[in-house]
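Reader: I would like a close look at one part of this model, with every cut-off stated as it comes up. Please stay with that part first, and only then move elsewhere.

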Amino acid sequence: MGTPGPETTHDWTSQVDVDHLAGIRAAPELFAPGGAGHLILEVVAYAEEEAEANGGGRCSITLHADGSVTVSDGGRGTATVVDGQGRAVKKPVMVSRDLRFFDAPDAPCLPDGHPRRGISVVAALSEWLVHTNRRANGSWTQRYEHALPVTDLVPIAADGPTGTEVHFRPAEVVRAMGAVQVDELLRWTVSSPHLSVEVNDLRTHDGHVRLLAGTKASGEPAYEVVPAVRISETEYEILGSPGLATGCAAGDRVRMFDDGTFEILTRGGNVCVAIYPRTPPDDSAFAHLQDAFEKLAGLVEAPHDKRFIVVTVPVGAGFPAIQSVVAEWTSGNNAEWYYGNVYDEDDRPLGWWESVS
């Protein structure tokens with residue numbers, strides 16, 4: 001969440017753009033589409049910029065039981081200078097518009113498909129926000145409530161590496177738009193070539209499992225989080241088929257290992273199909289796929305931006321029927337697909353369906 005590129009001395013002030021913040025607060029559906037997940041992506045976007053500028057980086061997202069979220073990175077920290085009176089002055093990113101994105105007609109979209117506006121929307125749409133900033137020239141923290149700063153920059157001990165931490169609790173109206181989904185967060189961030197993102201869900205201890213889904217371009221492991229119910233200390237029943245990880249489907253019971261790999265204990269009898277459209281399908285095309293698989297007792301799911309689609313269908317529907325539906329739909333919608341739990345890494349049939357009644 002730093003400022004990529006060369007740093008120069010600026011005459012930053014502590015003035016708050018009250019009208020700008022009030023406009024955001026008046027339109028939460030516009031500036032936080034889908035709920036708190038979009039606000040998280042607004043913060044992560046700055047960590048992404050910092051990682052790109054530094055040749056790579058890490059970011060941690062923590063979901064707390066009280067509905068608050070912490071996003072932290074290991075970058076250079078938010079740009080801060082010391083004025084002529086020896087006072088620390090921080091670039092006012094929380095309380096003023098980011099001119100690169102806010103109201104810009106060509107503003108880039110965040111991974112959820114909605115335009116990037118800047119981190120001021122996070123401050124404006126949070127009950128409170130604490131910005132902790134560790135830089136080479138000092139470390140400070142500052143608290144905001146309902147978009148307004150309620151403390152000055154408070155110096156803190158430089159007890160660790162540089163970086164930025166933003167801890168915020170989205171406003172109730174934002175939280176009511178939809179709960180933050182761990183699998184969506186990881187799917188939104190897994191394709192970043194610069195930033196390795198970790199999500200820690202402290203809201204529940206057994207509602208999800210983290211599956212190893214491959215390796216990022218940086219060499220870091222990539223994970224997918226799917227809903228699951230804990231059966232024992234290491235055994236889980238998968239409740240949602242993965243779209244990135246392979247080898248399992250909803251209904252399977254697995255033994256999980258610390259590195260995200262797993263061992264299948266029992267198969268639930270479902271086939272997983274992953275579909276990757278080159279362009280997101282419209283609602284009509286998506287509904288057509290849902291209707292087609294409903295006839296096979298299948299379930300079709302996708303994130304909001306429909307970057308990929310996951311189908312869970314009983315193997316009893318038969319592979320010819322499954323393949324017929326998928327082939328027809330993908331050919332008409334410019335998409336690729338593969339079975340998620342039918343072949344091993346060497347493209348040999350797993351054959352588990354032969355023992356499923």
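How many of the eight residues of α6 are buried, and what does that say about how the helix is enclosed by the rest of the structure?

Author: This is a predicted model, in which local features need pLDDT of at least 70 and side-chain atom pairs count only at pLDDT 80 or more, while totals for chains, interfaces and linings use all residues. Residues are numbered from 1 along each chain as its sequence is written, and side-chain values use heavy atoms, with hydrogens and water left out.

Eight of the eight residues of α6 are buried (under 20% relative accessible area, 1.4 Å probe, protein chains only), so the helix is largely enclosed by the rest of the structure. The buried residues are Val182, Asp183, Glu184, Leu185, Leu186, Arg187, Trp188 and Thr189, and they pack against helix α3 as well as the strands β1 (57-63), β10 (195-201) and β12 (221-230). Helices (H or I, at least four residues) and strands (E, at least two) are DSSP runs, numbered from the N terminus.

Helix α3 (residues 36-53) packs on α6 (residues 182-189) at an angle of about 35°, with the axes 11 Å apart; these axes are lines fitted to C-alpha atoms over the stretch in contact, and angles run from 0 to 180 degrees between N-to-C directions. Their crossing is right-handed, a term for a near helix turned clockwise from the far one by less than a right angle. On the α3 side the contact (heavy atoms within 4.5 Å) involves Gly37, Ile40, Leu41 and Val44, which meet Leu185, Trp188 and Thr189 of α6. Of the residues in this contact, five are nonpolar, two are polar and none is charged, where Ala, Val, Leu, Ile, Met, Phe, Trp, Tyr, Cys and Pro count as nonpolar, Asp, Glu, Lys and Arg as charged, and the others, Gly among them, as polar.

Elsewhere, Thr330 belongs to helix α8 (residues 319-332) and is buried, at 6% relative accessibility. Once its neighbours within four places in sequence are set aside, Thr330 touches Ile275, Ala335 and Trp337. That tryptophan, Trp337, is partly exposed at 25% relative accessibility, the term covering the range between buried and exposed, the latter being over 50%. Tyr339, by contrast, is buried, with a relative accessible area of 11%.
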